[in-house]
Amino acid sequence: MPVRPAKPVAARPVVRPVAVPDEGVGVPCPACGTPNLPERRFCRRCAAELKPLAKAAPLPWWRTVWPFRRRVRASSGGVTRFLVILLVVLTLCAGGFLLMPAGRALIEDTRDKLGKAKSVTPMSTEASASVPGHPAKNTTDGLSNRYWGAPATGASVTYTFREPFRLVDVIITNGASKDPQKYALQARALQVELEVTAQDGTAHKKELTLSDKPGGQTIATGYSDVQKVRLVLRSAVGLAPGRHLALAEVEFFQRS
């Protein structure tokens, strides 16, 4: 039988390895060891990176205290940073504890100014000394034409209250009367020592300077849990034989 001729088949290409030109002495590749010129960034044989970026050095602890400003990295003084933050927190707590009385006083003073004051009457009034016909209770009767007569400086009057309260103001009407014609009939104390005693026995003292004029004079106080108030008369003016110190009225006001 006749035989058909075979199809011609092209010869397969032969892959010959290309010789890598020798670049002489250079930086060896960390992957294959092929020397490379210093300016190369990748290996000429395996394309491995020749100059990997160095890892950033750990940040000092003082640069990582505020994480919002710099990113916190591993091994960047974590323990020291924690101790510093803890110390700051403890310092703030201690400062707040020490400043607490001042903060409370500021709050109470603000409430005094925003609130409305109302009159409070003492339960009892006692004087260390009085001239006849002018007892200490005249200072709380609401009448400014009657007064407490004290024989000399150093005399005191003590007011006791039924319940403790927040004392915000004291109004003192000095002299024998608020009437200008009767005011100077007796001597006046221009210095008064104010002593406020709280319910727990704590005492607060304040030196008051009064003007030598008729009418009420308001003194802002701001004491809490007040149980007793004592006034001591000092620095008399107009005192002469046959005359005595006069204190017309003392009014107390509490926060409503």
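Is Arg-188 buried or exposed in this structure? With a relative accessible area of 7%, Arg-188 is buried, and its side chain nevertheless takes part in a salt bridge with Asp-212. The model described here is predicted, and the points below go from the overall fold to the nonpolar core, the aromatic rings, the charged pairs and the surface.

**Overall fold**

- The chain contains 3 helices and 10 strands, which follow one another along the sequence in the pattern β-β-α-α-β-β-β-β-α-β-β-β-β.
- Of the 256 residues in the chain, 30% are buried, while the accessible surface of the chain comes to about 17,300 Å², with 59% of that area belonging to carbon and sulfur atoms.
- Among the contacts in the chain with a separation of 6 or more, 64% are accounted for by residues that stand 24 or more positions apart.

**Nonpolar core**

- In soluble globular proteins, nonpolar side chains tend to be buried together.
- The largest nonpolar core in this model has 29 residues, and those with the most contacts inside it are Trp-148, Leu-167, Ile-172, Val-229, Leu-231, Leu-233 and Phe-252.
- Strands β5 (148-150), β6, β7, β9 and β10 each supply at least two residues of this core, and the largest share, 7 residues, comes from β6.
- Leu-233 can serve as an example of the surroundings of a core residue: leaving aside residues up to four places away in sequence, Leu-233 touches Trp-148, Ala-150, Thr-153, Gly-154, Ala-155, Ala-189, Gln-191, Val-192, Leu-245 and Leu-247.

**Aromatic pairs**

- The count of aromatic pairs comes to 3.
- One of them joins Tyr-159 and Phe-252 in an edge-to-face arrangement, with 5.0 Å from centre to centre and 65 degrees between the planes.
- This pair links distant parts of the chain, since Tyr-159 belongs to strand β6 (residues 156-174) and Phe-252 to strand β10 (residues 245-255), 93 residues apart.
- Both partners are covered: Tyr-159 counts as buried at 0% relative accessibility, and Phe-252 counts as buried at 1%.
- The rings of Phe-161 and Phe-165 have their centres 4.8 Å apart and their planes at 65 degrees, and because planes over 60 degrees apart count as edge-to-face, this pair is edge-to-face too.
- Phe-161 counts as buried at 2% relative accessibility, and Phe-165 is likewise buried, with a relative accessible area of 6%.
- Taken together, ring pairs link Tyr-159, Phe-161, Phe-165 and Phe-252 into a cluster, and Phe-252 is also listed with the residues that have the most contacts inside the largest nonpolar core.

**Salt bridges**

- Side chains of opposite charge can pair when their charged atoms come close.
- The structure holds 4 salt bridges, and three of them are described here.
- In the salt bridge between Arg-188 and Asp-212, the N to O distance is 3.1 Å.
- This pair links distant parts of the chain, with Arg-188 in strand β7 (residues 188-198) and Asp-212 in the loop between β8 (203-209) and β9 (216-237), 24 residues apart.
- Whereas Arg-188 is buried, Asp-212 is partly exposed, with a relative accessible area of 38%.
- Arg-234 forms a salt bridge with Glu-193, in which the closest N and O atoms are 3.5 Å apart.
- Because Arg-234 lies in strand β9 and Glu-193 in strand β7, this pair ties together parts that are 41 residues apart in sequence.
- Arg-234 counts as partly exposed at 35% relative accessibility, but Glu-193 counts as buried at 12%.
- The side chains of Arg-230 and Glu-195 also meet in a salt bridge, at 3.3 Å from N to O.
- Here again strands β9 and β7 are involved, with Arg-230 in β9 and Glu-195 in β7, so the pair ties together parts that are 35 residues apart in sequence.
- Arg-230 counts as partly exposed at 30% relative accessibility, while Glu-195 is buried, with a relative accessible area of 16%.

**Nonpolar surface patch**

- Phe-82, Leu-83, Leu-86 and Leu-90 form a nonpolar patch on the surface, and together these residues have about 400 Å² of accessible area.
- Leu-86, a member of this patch, lies in helix α1 (residues 78-98) and counts as partly exposed at 37% relative accessibility.

Conventions:
Residues numbered from 1 in each chain as written. Predicted model: local features only at pLDDT ≥ 70, side-chain atom pairs only at ≥ 80, totals over all residues. Heavy atoms only, no water. Patch = residues over 30% accessible without salt bridge, like charges linked within 9 Å, V, L, I, M, F, W, Y side chains within 5 Å. Areas by Shrake-Rupley, 256 points an atom, 1.4 Å probe, with all protein chains shown as cover. Helix = DSSP H or I, 4+ residues; strand = E, 2+ residues; numbered from the N terminus. Buried < 20%, exposed > 50% of the residue type's maximum accessible area, 1.4 Å probe, protein only. Phe/Tyr/Trp six-rings, centres within 6.5 Å; stacked < 30°, edge-to-face > 60°. Contact = heavy atoms within 4.5 Å. Core = buried A, V, L, I, M, F, W, Y, C linked by side-chain atoms within 4.5 Å.
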